[in-house]
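Please read this briefing with the sequence and the model side by side. It goes through selected features one topic at a time.

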Amino acid sequence: MISAFFHCSDGHFFNLSHRHDFIIMNVINRLIDDGKSQIFDYAYKLTASSGTFIVRALFPVEIRMHENLLFVKIISYQYNYALKYGLGEDFDGDRTAYGDPDTSTRFRVTWKFIPYWIGDRLYFKIRPIDLVLFLKLGNSRDRSGDHGVYGSTNHDSDRHLWYVQPVRHHGKLLFYIINKEYDKLLKLGQSRDSDGDRTAYGHSTRDFNPDKFAWYIDLI
């Protein structure tokens with residue numbers, strides 16, 4: 001069904017009837033209810049096929065992260081902490097990612113999702129608006145089997161690519177953020193440091209529990 005919309009023969013995305021709107025809305029709701037990351041593929045391909053008007057009219061704004069001028073806060077559902085980078089750099093020049101309890105600030109917790117169509121699906125590189133540091137998973141694992149999360153100036157590996165999967169939970173639209181290289185879910189650690197921040201990790205297993213691993217995508 002999705003590919004039929006991608007390659008619609010008449011090309012009149014701007015003049016769809018209410019019937020077509022209803023069909024698209026059904027597809028959108030089904031993809032969200034089934035937790036399919038292909039909803040981002042759908043929105044991206046419709047936009048690329050001169051369907052920007054339809055995407056903006058019918059899709060939840062969080063699904064439109066591929067658009068150039070959309071900036072977001074990435075907020076943990078479990079803790080209500082906003083993702084950010086620490087101020088210090090390690091020996092590789094990378095910065096550790098944390099969750100900040102202050103979600104009201106702007107620049108340090110505001111991010112851009114940059115789309116990349118690879119193979120047959122959409123991935124994102126994720127960077128804050130104030131730093132050219134791309135979110136990645138580290139190579140090594142800790143004793144719990146988790147990978148560290150960092151920001152680096154280079155962004156040439158699958159560790160810097162992420163895909164996003166929707167989940168509807170208690171009536172809220174939430175998202176899992178999953179690394180391409182390791183297939184790990186982005187999460188925040190349980191403990192807090194002296195600043196009250198929580199360290200970000202790639203979770204050791206594919207445990208799709210929205211209470212622990214889902215995120216709000218809060219548009220600025």
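What follows covers a predicted model, beginning with a pocket and going on to aromatic rings, a helix and a few single residues.

**The largest pocket**

- The largest pocket holds about 290 Å³ of space.
- Its lining is made up of 18 residues, and those closest to the centre are Tyr79, Lys187, Leu188, Gly189 and Gln190.
- Three elements give two or more residues to this lining: strand S10 (186-188), strand S11 (198-202) and helix H5 (210-213).
- Sorted by class, the lining residues are 8 charged, 6 polar and 4 nonpolar.

**Aromatic pairs**

- The model has 10 aromatic pairs.
- One of them joins Tyr42 and Phe59, with ring centres 5.4 Å apart. The planes of these two rings stand at 75°, and an angle over 60 degrees counts as edge-to-face, so the pair is edge-to-face.
- Tyr42 belongs to helix H3, while Phe59 is in the loop between helix H4 (52-58) and strand S1 (72-76). The pair therefore links distant parts of the chain, as its two residues are 17 residues apart.
- Both partners are buried: Tyr42 has a relative accessible area of 0%, and Phe59 has 5%.
- Tyr85 and Trp111 make another edge-to-face pair, with 5.0 Å from centre to centre and 70° between the planes.
- Because Tyr85 lies in strand S2 (residues 82-85) and Trp111 in strand S4, this pair ties together parts that are 26 residues apart in sequence.
- Tyr85 and Trp111 are both buried.
- Phe40, Phe113, Phe124 and Phe175 are linked into a cluster by ring pairs.

**Charges over rings**

- Lys45 has its charged end over the ring of Trp117, at 4.3 Å from the ring centre.
- In a second case, the charged end of Arg121 sits over the ring of Tyr163, and the distance to the ring centre is 4.2 Å.

**Helix H3 and the residues on either side**

- Helix H3 spans residues 38-48, and its buried residues are Ile39, Phe40, Asp41, Tyr42, Ala43 and Leu46.
- Two of these residues have appeared above: Phe40 in the ring cluster and Tyr42 in the pair with Phe59.
- Ser37 is in the loop between helix H2 (18-33) and H3.
- Is Ser37 buried or exposed? Ser37 is buried, because its relative accessible area is 9% and the cut-off for buried is under 20%.
- Leaving aside residues up to four places away in sequence, Ser37 touches Arg121, Tyr163, Val164, Gln165 and Pro166. Among these contacts are Arg121 and Tyr163, which form the charge-over-ring arrangement described above.
- Ser50 comes just after H3, in the loop between H3 and H4.
- Ser50 is partly exposed, with a relative accessible area of 45%.

**Positive phi angles**

- Which phi value does Ser50 take? Its phi is positive, about 65°, although Ser50 is not a glycine.
- Asp183 is also a residue other than glycine with a positive phi, near 60°.
- Asp183 is in the loop between strand S9 (172-179) and S10.
- With a relative accessible area of 27%, Asp183 is partly exposed.

**Ile75 and Thr103**

- Ile75 is part of strand S1 and is buried, at 6% relative accessible area.
- What does Ile75 touch, not counting residues up to four places away in sequence? The contacts are Asn80, Tyr81, Ala82, Thr103, Trp215, Tyr216 and Asp218.
- Ile75 and Tyr201 are 126 residues apart along the chain, and 14 Å separates their C-alpha atoms.
- Thr103 is in the loop between strand S3 (95-100) and strand S4 (111-118).
- Thr103 has a relative accessible area of 22% and is partly exposed.
- Beyond residues up to four places away in sequence, Thr103 touches Lys73, Ile75, Asn80, Tyr81 and Ala82.
- Thr103 and Tyr81 are 22 residues apart in sequence, yet 6.4 Å apart in space from C-alpha to C-alpha.

Conventions. Residues are numbered from 1 along each chain as its sequence is written. This is a predicted model: local features need pLDDT of at least 70, side-chain atom pairs count only at pLDDT 80 or more; totals for chains, interfaces and linings use all residues. Side-chain values use heavy atoms; hydrogens and water are left out. Buried means under 20% relative accessible area, exposed over 50%, partly exposed in between (1.4 Å probe, protein chains only). Helices (H or I, at least four residues) and strands (E, at least two) are DSSP runs, numbered from the N terminus. On a 1 Å grid over the protein atoms alone, a cavity is a set of points where a 1.4 Å probe fits but cannot get out, and a pocket is an open set with protein on both sides within 12 Å along at least five of seven lines; lining residues have an atom within 4 Å of a point. Grid points are joined across faces, edges and corners, and a volume is the space filled by probe spheres set on the points. Ala, Val, Leu, Ile, Met, Phe, Trp, Tyr, Cys and Pro count as nonpolar, Asp, Glu, Lys and Arg as charged, and the others, Gly among them, as polar. Contact means heavy atoms within 4.5 Å. Rings of Phe, Tyr and Trp (its six-membered ring) pair if their centres lie within 6.5 Å; planes under 30 degrees apart count as stacked, over 60 as edge-to-face and the rest as tilted. A charge sits over a ring if NZ of Lys or CZ of Arg is within 6 Å of the ring centre and within 35 degrees of the ring normal.
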